[in-house]
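Work through the exercises below with the model open. Try each task before reading its solution.

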Amino acid sequence: MLAAPFVQTGAAKRPNFLVILTDQQTHNAWSGCGNSWLKTPAMDSIARRGTVFTNAVCPYPVCSPSRSTIFTGRMPHETGVMGNGGPIPAGMPSMGELFRVAGYNTAYGGKWHLPKSFDGMTGFTKIIGGSALGKDMDAPLSNACSEWLRRSPGGPFLLVASFMNPHDICDWIRRHKGTREDPASAVMPPAPMNMAVDPNEPEAIQYHRTAGYDLMSQAVGIASDWRRDDVRLYLHDYYRMVEQVDGEIGKVLAALRETGQDQNTVIVFASDHGEGLGGHRWAQKASFYEESLRVPFFVAGPGVATGVNGELTTLADIVPTMCALAGIPAPQDMCGVNVATGFERPFVTSELRYGTAEREGRMLRTKRHKYILFNSGARAEQLFDLETDPGENFNLASRGGTALDDHRRLMNEWLSKTGDGFRRV
């Protein structure tokens, strides 16, 4: 659990902040959590210095909506960003604005996507944009951020380094669709154990699989007909993309150390959403299954204890937590909470839309169960016992019972509390 928030006293400096974001990195795609199929020394070094939140979920498993929450502490239905390319509403306080008003030198490099690839940032000075594939974008980004740090920006500062990879897996999938390659089994990760597809999935999910709905010219769910060896090759190359971005992150961390600013800098590391990994024969994002929903989330630096925290967290917690560590008042109506002190919450939520508002869903996860509700179609509910069924193979919603009733009630209360017009059940 995190230590007490940083408090400025006397001549003590307010902490700097370095926010490092990756794109499309699932919760266990880093070596420090025990994944032996890749090596991520930079990410591991951040984790060792701080707190690793092992049950962090994204607020929406698609880029722009999730990022709108990361930078405002509010859910996508509040920001209005319910698909890729939407802007944060004018007048809604963002991370950059909050810290700039508080006297921070705020700078941003890399992917923005609210609404464009790198323009329209609120409260930040742009160092470098980011609209290319990660293999072309991430090295220039790490170089630009490193040089910005070496120029001694003066404290306190807030620097966001928003990397693209492992998002290049989307391009990989487009290029490999329909191919049948035979990997060398000795060097390929194993296929997941939960590749079976439930024939009684909600119609909204089945539509997404069969209609080939395309979020950004990237067919989602196309792993439906992949063989196990196809999935193994895909996992192997996905992990190489994670390693690539880890190398670029390492350059930024080295610059922070070289300039002597590491001891007074809070580092926040997270990814905007996960990746399907072939579980349920799903590739890419846009799913409430654990692989797409859960993300890595670390906080390290002054005022932060080391260790592992298994409480439920969400990327909506980033802004209020940073504000607490900086001694900046955070807007009271944020959906996120400050995880920099002792905290416990009964559930976290996420949102998702498949193209139009007619195919929209909400997810509510408690410590043991995950409840999913869609607003149209047959079989609109899912309930998984994550303690006995971590692969989410058995939908318990059709059985009824106390757990289903409890989660329906919690969902209805949350929708009312946050002014979400999504349907009640």
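Two exercises follow, on one lysine and on one pocket.

This is a predicted model, where local features need pLDDT of at least 70, side-chain atom pairs count only at pLDDT 80 or more, and totals for chains, interfaces and linings use all residues. Residues are numbered from 1 along each chain as its sequence is written, and side-chain values use heavy atoms, with hydrogens and water left out.

**Exercise 1.** Place Lys 370 and decide: buried or exposed?

Step 1. Find the element. Lys 370 sits in strand β11, residues 369–374 (strands are DSSP runs of E, at least two residues, numbered from the N terminus).

Step 2. Check accessibility. Lys 370 counts as buried because its relative accessibility is 0% (buried means under 20% relative accessible area, with a 1.4 Å probe and protein chains only).

Step 3. Look for a polar partner. A polar atom of the Lys 370 side chain lies 2.7 Å from the backbone oxygen of Phe 288.

Step 4. List neighbours. Leaving out residues up to four places away in sequence, Lys 370 touches residues including Phe 288, Tyr 289, Glu 290, Gln 382 and Glu 392 (contact means heavy atoms within 4.5 Å).

**Exercise 2.** Describe the lining of the second largest pocket.

Step 1. Take the volume. The second largest pocket has about 350 Å³.

Step 2. Find the centre. Of its 19 lining residues, Cys 335, Arg 345, Phe 347, Trp 414 and Lys 417 lie nearest the centre.

Step 3. Assign elements. β9 (348–353) and α11 (402–417) each give two or more residues to this lining. α11 gives the most, with 4 residues.

Step 4. Sort by class. The lining has 10 nonpolar, 4 polar and 5 charged residues.

Methods: Buried < 20%, exposed > 50% of the residue type's maximum accessible area, 1.4 Å probe, protein only. Polar contact = N/O pair within 3.5 Å; in protein donor to acceptor, adjacent residues only side chain to side chain. 1 Å grid on protein atoms, 1.4 Å probe; cavity = no way out; pocket = protein on both sides within 12 Å on 5 of 7 lines; lining within 4 Å. Points joined across faces, edges and corners; volume = space filled by probe spheres on them. Nonpolar A, V, L, I, M, F, W, Y, C, P; charged D, E, K, R; others polar.
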